[in-house]
Amino acid sequence: MIDAADLRELARGAALVGAAEVRERGADHALEVEGKGLPGDWVTQTDIASELAIEAFLATRGPAIAFHGEETGGPGEGLRWVVDPLDGTTNFVHGFPAVGVSVALVDDDRVLAGAIAAPFLGDVWHAVRGEGAVWERAGGAIEPCRVGRRDAAQAVVATGFPFRRKERLPRYLRAMTTALERFEDLRRPGAACLDLAWVACGVFDGFFELGLSAWDVAAGGLLVTEAGGTVTDWAGGGDFLTGDILAAPAAVHAQLIRIASASAADPDELREQG
């Protein structure tokens, strides 16, 4: 396996290649929209072009490692690159600049390296397991990522709605209601990888969502962990790559665990799950 510095640079370079593709093709986004079969779940030719550019970059710059992209698929286990070439496609289609490109190297359920680039905002984040996380600001400053230190009562927590899994809305809405009572406020920018990157650098104080995919959370989950935060699934376990994720500094994460646990207390839902 290549060393940590090279892993970081590979992930960072791949995310930047995808971001360049998204940025250069942005003016044509309104002409490219196709549905994936679910309301609000879009794919554009820019998604596909970004993914192909990332795959080509990794194939030519790094060792032979399997590739799993959101649009083209790939293996779901073993050592592989896990890529979201355009997170926040609905934002992209509507001209809202909160979109990201996420690239992570995953070995079974362990994330080894990851990078996220925001094409229209100019920020880049990257991390290697055990080596910390870095934030390259749009203005050129480079600094280590550190999760926030606000008390839960003053926390601003990001979230996202499980629009692909409408059957999970009752549990999510119970969690959201409690979170609005417990924290200062909530935000919903619409690009999970950016939400996690912003948690890693203290812009947000936490993030929770149900029903995401590994490509949405792999790189961002590593960023939060390497920045000193805690990342789990909604049961408090380590299986966040399934897409049910809680990510926050320890104090806020403890509140999120309580909220997630209480949200599953509906008797009918517990019987269905169990």
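Here is a walk through this structure, from its sheet to its helices and then its charged pairs. Keep in mind that the model is predicted.

Let's start with the sheet. Strands of a sheet pair through backbone hydrogen bonds, either parallel or antiparallel. Here, seven strands make an open sheet with mixed pairing, and their order is β3-β4-β5-β6-β7-β8-β9. At the edges sit β3 (66-69) and β9 (142-144), each of which pairs on one side only. On average, and ignoring direction, neighbouring strands of this sheet are turned by 20 degrees against each other.

Now follow the chain through part of that sheet, beginning with β5, which covers residues 100-107. β5 runs antiparallel to β6, and seven bridges join the two. If you want a landmark, look for Leu-105, which stands opposite Ala-113 in β6. The two strands form a hairpin with two residues between them. In that turn you'll find Asp-108, which has a positive phi of about 55 degrees even though it is not a glycine. Asp-108 counts as partly exposed, because its relative accessibility is 44%.

Next comes the step from β6 to β7. These strands also pair in the antiparallel sense, this time over five bridges. Ala-115 has His-126 in β7 as its bridge partner. The hairpin here has six residues between the strands, and Gly-122 takes a positive phi near 90 degrees. From β7 (residues 124-128) we move on to β8 (residues 133-136): the two run antiparallel and are joined by four bridges. Val-124 stands opposite Glu-136 in β8, and Glu-136 will come up again.

What about the helices? Helix α1 (residues 4-25) lies across β4, β5, β6, β7 and β8, running at about 40 degrees to β6. Helix α6 (residues 214-226) lies across β3, β4, β5, β6, β7 and β8, and its angle to β6 is about 100 degrees. How enclosed is β6 by the rest of the structure? Seven of its eight residues are buried, so β6 is largely enclosed.

For a close-up, go back to β5 and find Ser-102. Ser-102 counts as buried because its relative accessibility is 1%, and buried means under 20%. Leaving aside neighbours within four places in sequence, its contacts include Val-82, Val-83 and Asp-84, along with Ala-115, Ile-116 and Cys-193. Trp-215 and Ala-219 are also in contact with Ser-102.

Finally, the charges. Side chains of opposite charge can pair when their charged atoms come close. The structure holds six salt bridges, and Arg-12 is a good place to pick up the trail. Arg-12 forms a salt bridge with Glu-9, the closest N and O atoms being 3.2 Å apart. Both lie in helix α1, three residues apart, or about one turn of the helix. Arg-12 also forms a salt bridge with Glu-136, where the closest N and O atoms are 2.7 Å apart. This pair links distant parts of the chain, with Arg-12 in helix α1 and Glu-136 in strand β8, 124 residues apart. Is Glu-136 buried or exposed? Glu-136 counts as buried, because its relative accessibility is 15%, whereas Glu-9 is partly exposed at 43%.

Another salt bridge brings together the side chains of Arg-137 and Glu-143, at 2.9 Å from N to O. Arg-137 is partly exposed at 36% relative accessibility, and Glu-143 is partly exposed at 28%. As for Glu-9, Arg-12 and Glu-136, salt bridges that share partners join these residues into one network.

Definitions and conventions: Residues numbered from 1 in each chain as written. Predicted model: local features only at pLDDT ≥ 70, side-chain atom pairs only at ≥ 80, totals over all residues. Heavy atoms only, no water. Buried < 20%, exposed > 50% of the residue type's maximum accessible area, 1.4 Å probe, protein only. Contact = heavy atoms within 4.5 Å. Pairing = 2+ DSSP bridges. Axes fitted to C-alpha atoms, helices over the stretch in contact; angles between N-to-C directions. Salt bridge = Lys/Arg side-chain N within 4 Å of Asp/Glu carboxyl O.
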